[in-house]
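Reader: Hey, I've got a structure to look through and I'm pretty new to this. Can you walk me through it?

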Amino acid sequence: MGSTDYAKELAAKKSLDFIEDGMVVGLGTGSTATRFIKLLGERVKRGLKIRAIASSNTSKELAESLSIPVIDFQRCPEIDVAIDGADEIAPGLALIKGGGGALLHEKIVASASRRFIVIADSSKVVTRLGKVPLPVEVIPAASPLVARKLVQMGIRSTIRRLNTGSDFITEEGNLILDCDCGEIQDADTLAASIRNIVGVVEHGLFLHMAERALVSDGADVKTLFK
């Protein structure tokens, strides 16, 4: 296991401290969240009694393969704690998420949770957001309009595509525009401006949502608060 993978594993293990019998647990999506789900599955096999709500079909299928009971919001509208990764973590626990394409469902799960805890390796910690592209999920018919509005804001965007060259399609049938925002000076203002564009479904700025971040450098796990 490489150093980055080991750091992700340590952060995921630490997050298990926040899981208790009887909880409804939100499952994130991505490489670090996958480690958490696998570790959670081991606990379930040893007798932990929880139910889970997944943020993607990929996480749902993994959880079910590990005998983790998966429910939906029809059966339980509130989550006790959600555990997920992040693409960037800035001061105040401002996040960019959605590199895996599940940002809409990830944000739904996070917003429905009493506690939202981020797990990551230390490379994800930045002084200011914007080194990675900001994902914006858009209705396909509106993508040219949204892209044009973004250009007017000084933001260049590209439609996310698969290795085959075809468009990446989200679980809701939408497109993702990966936006080169540069260093983001005011994340709250940018989030509001993007959300006001007609045709935008959701963006990957997760602001004022996380309670804490468990960040590992491969030797230790540090806790970051708002």
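Author: Sure. Let's begin with a term: a salt bridge is a side-chain nitrogen of Lys or Arg within 4 Å of a carboxyl oxygen of Asp or Glu. Keep in mind that this is a predicted model.

Reader: OK, so how many salt bridges does that rule give?

Author: The count comes to 17 salt bridges. One of them joins the side chains of Glu64 and Lys60, at 2.9 Å from N to O.

Reader: Where do Glu64 and Lys60 sit in the chain?

Author: Both are in helix α3, which covers residues 57-65, and they are 4 residues apart, so about one helical turn separates them. An α-helix has 3.6 residues a turn, so residues three or four places apart point the same way.

Reader: And how exposed are those two, Glu64 and Lys60?

Author: Glu64 has 41% relative accessibility, so it counts as partly exposed. Lys60 comes out at 34%, which also makes Lys60 partly exposed.

Reader: Which salt bridge links distant parts of the chain?

Author: Take Arg114 and Glu78, whose side chains meet at 2.7 Å, N to O. Arg114 belongs to strand β6 (residues 113-121), Glu78 is in the loop between α3 and β3, and the two are 36 residues apart. Arg114 is exposed, with a relative accessible area of 53%, while Glu78 is partly exposed at 36%.

Another pair is Asp180 and Arg156, with 3.5 Å from N to O. That pair also links distant parts of the chain: Asp180 lies in strand β9 (residues 175-180) and Arg156 in strand β8 (residues 156-159), 24 residues apart. Asp180 is partly exposed at 41% relative accessibility, and Arg156 is exposed at 53%.

Reader: Which residues are joined into one network by salt bridges that share partners?

Author: Those are Asp5, Glu9 and Arg35.

Reader: Switching topic: what about rings? How many aromatic pairs are there?

Author: The count is 0 aromatic pairs. Rings do turn up beneath charges, though: the charged end of Lys107 sits over the ring of Phe206, 4.8 Å from the ring's centre. Arg160 has its charged end over the ring of Phe168, with 5.6 Å to the centre.

Reader: Cool. Now helix α5: which of its residues are buried?

Author: In α5, residues 143-152, the buried ones are Ser143, Val146 and Leu150. Looking down the axis of α5, they fall within an arc of 65°, so they line one face of the helix.

Reader: What's on the other side of α5, then?

Author: Arg148, Val151 and Gln152 are there, and they are exposed.

Reader: And what do the buried residues of α5 pack against?

Author: They pack against strands and a helix: β7 (134-138), β8, β9, α6 (187-195) and β10 (200-203).

Reader: What follows α5?

Author: Gly154 follows α5, and the phi of Gly154 is positive, near 85°.

Reader: Last one: is Thr32 buried or exposed?

Author: Thr32 is buried: its relative accessibility is 5%, and the cut-off for buried is under 20%. You'll find Thr32 in helix α2, residues 31-45.

Reader: Which residues is Thr32 in contact with, leaving aside its neighbours within four places in sequence?

Author: Thr32 is in contact with Lys8, Ala12, Ile119 and Ala120.

Terms used. Residues are numbered from 1 along each chain as its sequence is written. This is a predicted model: local features need pLDDT of at least 70, side-chain atom pairs count only at pLDDT 80 or more; totals for chains, interfaces and linings use all residues. Side-chain values use heavy atoms; hydrogens and water are left out. Buried means under 20% relative accessible area, exposed over 50%, partly exposed in between (1.4 Å probe, protein chains only). Contact means heavy atoms within 4.5 Å. Rings of Phe, Tyr and Trp (its six-membered ring) pair if their centres lie within 6.5 Å; planes under 30 degrees apart count as stacked, over 60 as edge-to-face and the rest as tilted. A charge sits over a ring if NZ of Lys or CZ of Arg is within 6 Å of the ring centre and within 35 degrees of the ring normal. The arc is that of the directions from the helix axis to the C-beta atoms.
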